[in-house]
Each structure stands twice: as structure tokens, then as C-alpha cells.
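Here is a short, friendly tour of a protein model for someone who has not met it before. Have a look at the picture, then read on.

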Amino acid sequence: TVSQFMTRDPITAQPDTPISVAVGIMLSKRIDCLPVVNERGDLQGIVTSTDLLKSLRSIQESLEKANNR
């Protein structure tokens with residue numbers, strides 16, 4: 001079962017954690033996803049490296065469009 005393989009005490013972030021801090025945690029711990037929990041520890045969502053790359057792509061596309069004007 002998955003309980004045999006899951007991480008029992010995962011590294012987490014809170015909803016108000018700055019993106020730069022979340023990225024820093026993911027890089028320093030060499031993890032590809034970061035569960036987001038509220039103050040009670042309830043899961044609110046998960047930030048993944050794919051989520052961050054999508055955001056970076058969107059920002060980069062905007063910058064490139066602005067530079068081509």
C-alpha cells in the first residue's frame with residue numbers, strides 16, 4: 001500500500017509563504033512538490049515544480065512580448 005512508501009513527516013509550506021521561499025525550500029531539499037497546509041496542518045493544496053515552471057513560462061512570455069513592442 002502507499003502507506004509503506006509515503007513520507008510520514010513531509011516538509012510543508014503555509015498559504016502565505018512567499019513563492020521565493022517555497023522555491024528555496026524545494027531546491028535546498030531537492031523535492032519536486034511541497035504540500036501547503038493551514039495553521040491546523042490541514043492540506044490546502046500542493047505546489048509542484050510543474051506549477052512553478054508554468055508560472056515562469058507565463059512571466060517570461062509577458063516579458064518577451066513587452067520587449068518586442
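Which residue in strand 2 stands opposite Cys-33? That would be Thr-48. Before going further, a word on the ground rules: this is a predicted model, where local features need pLDDT of at least 70 and side-chain atom pairs count only at pLDDT 80 or more, while totals for chains, interfaces and linings use all residues. Residues are numbered from 1 along each chain as its sequence is written, and side-chain values use heavy atoms, with hydrogens and water left out.

**The hairpin**

Strand 1 covers residues 33-37, and strand 2 covers residues 43-48. Helices and strands here are DSSP runs (H or I with at least four residues for a helix, E with at least two for a strand), numbered from the N terminus. The two strands run antiparallel and are joined by five bridges; strands count as paired if DSSP finds at least two bridges between them. Besides the Cys-33 and Thr-48 pair, Val-37 faces Leu-43 of strand 2. Together the strands make a hairpin with five residues in between, and Gly-41 in the turn has a positive phi of about 90°.

Four of the five residues in strand 1 are buried, where buried means under 20% relative accessible area, exposed means over 50%, and partly exposed is in between (1.4 Å probe, protein chains only). Val-36 sits in this strand and counts as buried because its relative accessibility is 12%. Val-36 touches a string of residues, including Ala-13, Pro-15, Leu-43 and Ile-46, not counting residues up to four places away in sequence; contact means heavy atoms within 4.5 Å. Val-2, on the other hand, is 34 residues from Val-36 in sequence and 20 Å away in space, C-alpha to C-alpha.

**Around the loops**

What about the loop between the strands? Asn-38 lies there, and it counts as buried because its relative accessibility is 11%. Its side chain has a polar atom 3.0 Å from the backbone nitrogen of Arg-40, and the Asn-38 side chain also reaches the backbone nitrogen of Asp-42 at 2.9 Å. A polar contact is a pair of N or O atoms within 3.5 Å; within protein, one must be able to donate a hydrogen and the other to accept it, and residues adjacent in sequence count only if both atoms are side-chain atoms. Leaving aside residues up to four places away in sequence, Asn-38 touches Gln-14, Pro-15 and Gln-44.

Arg-30 belongs to another loop, the one between helix 1 (19-29) and strand 1. Arg-30 is not a glycine, yet its phi is positive, near 55°. With 77% relative accessibility, Arg-30 counts as exposed.

**Salt bridges**

How many salt bridges does the count come to? The answer is two, taking a salt bridge as a side-chain nitrogen of Lys or Arg within 4 Å of a carboxyl oxygen of Asp or Glu. Here they are:

| Pair | N to O distance |
|---|---|
| Asp-42 and Arg-40 | 2.7 Å |
| Arg-57 and Glu-61 | 3.1 Å |

In the pair by the hairpin, Asp-42 is partly exposed at 32% relative accessible area, while Arg-40 is exposed at 64%. Arg-57 and Glu-61 both lie in helix 2 (residues 49-67), four residues apart, about one turn of the helix. Arg-57 counts as exposed at 58% relative accessibility, and Glu-61 counts as partly exposed at 35%.
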